[in-house]
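This report covers helix packing, the nonpolar cores and two unusual backbone angles. Please look over the sequence and the structure before reading on.

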Amino acid sequence: MHIAIDGPAGAGKSTVARLLARRLNYIYVDTGSMYRAVTLRALQSGVELEEGSALTELARRTAIDFVVGENAQRVLCDGEDVTEAIRSPQVSASVSKAAARPELRAVMVAKQRAVAQERDVVMDGRDIGEVVLPQADYKFFITADINTRSRRRQLEMTAQGYTVDQAEVKRDLEQRDNMDASRPVGALKLLPDSIVINTSDLSVDEVLEQILARMGLA
């Protein structure tokens, strides 16, 4: 069983995907974290995000794993726990630029498909339903208005110890939306067979119940 969850940053798709995977006892594949991990490694090693070949080679030799911790799933990059580091403002400001590289996306899509090849998965990102898992059993598009998304992202970053202004977060999200929607490969888009859920006025539990209901599991 493959469940694809797409949508813009800050809409709550990762939180819902994680809870859905836990409820169904599936593997949760956070593709955004995979791109963030490569971006983090590029920033640490001085690889320019515009250098397609160097970035692609870095992605090929970077091992990214997901492990279930005591309270939450953790992201490992070459064996190092980078769960918090990949959410830094520096990585957030750079990840869309890296993810726009077609060469990098080809490597990452292969890694993502390999995870799903023999497992039941809930996978979230920008292009899961169209590119990574086009034959997914269910495709959901999770969205919310920009003000709700910026407020959620600010609260998330504040909880991680970063001081950010909501207006600045909103500008960053709008820039990411434009980059994600306009990139030539793996663009964020609403598919004809996607089930749209607007989370602006919904709690996480309400979104989860809507998804389960659409799957006939509520």
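The buried residues of H3 pack against H2, H4 and H5. Buried means under 20% relative accessible area, exposed over 50% and partly exposed in between, with a 1.4 Å probe and protein chains only. Helices are DSSP runs of H or I with at least four residues, strands are E runs of at least two, and both are numbered from the N terminus.

This is a predicted model, where local features need pLDDT of at least 70, side-chain atom pairs count only at pLDDT 80 or more, and totals for chains, interfaces and linings use all residues. Residues are numbered from 1 along each chain as its sequence is written, and side-chain values use heavy atoms, with hydrogens and water left out.

**Helix H3**

Gly-52, Leu-55, Thr-56, Leu-58 and Ala-59 are the buried residues of H3. They lie on the same side of H3 because their arc around the axis is only 160 degrees. That arc is taken from the directions from the helix axis to the C-beta atoms. Ser-53, Arg-60 and Arg-61 are exposed, on the face turned away from the buried side.

H3 packs with H5 at about 15 degrees, their axes 8 Å apart. Axes are lines fitted to C-alpha atoms, for helices over the stretch in contact, and angles run from 0 to 180 degrees between N-to-C directions. The two helices, H3 and H5, are therefore roughly parallel, a label for angles under 35 degrees. On the H3 side, Gly-52, Leu-55, Thr-56, Ala-59 and Arg-60 meet Glu-103, Leu-104, Val-107, Met-108 and Lys-111 of H5. Contact means heavy atoms within 4.5 Å.

**Cores**

A nonpolar core is a set of buried Ala, Val, Leu, Ile, Met, Phe, Trp, Tyr and Cys residues joined through side-chain atoms within 4.5 Å. The largest one has 33 residues; Val-38, Leu-55, Ile-64, Leu-104, Met-108, Met-123 and Leu-133 touch the most other members. H2 gives the largest share of this core, six residues. Leu-104 touches residues including Tyr-35, Val-38, Leu-55 and Ala-98, not counting residues up to four places away in sequence. A second, separate core holds 20 residues, among them Ile-5, Ala-11, Val-207 and Ile-211.

**Positive phi**

Two residues other than glycine have positive phi.

| Residue | Phi | Loop | Relative accessible area |
|---|---|---|---|
| Asn-25 | near 65 degrees | between helix H1 (13-24) and strand E2 (27-30) | 71%, exposed |
| Asp-78 | about 55 degrees | between E4 and strand E5 (80-81) | 41%, partly exposed |

Note on methods
Parallel < 35°, antiparallel > 145°, perpendicular 65-115°, else oblique.
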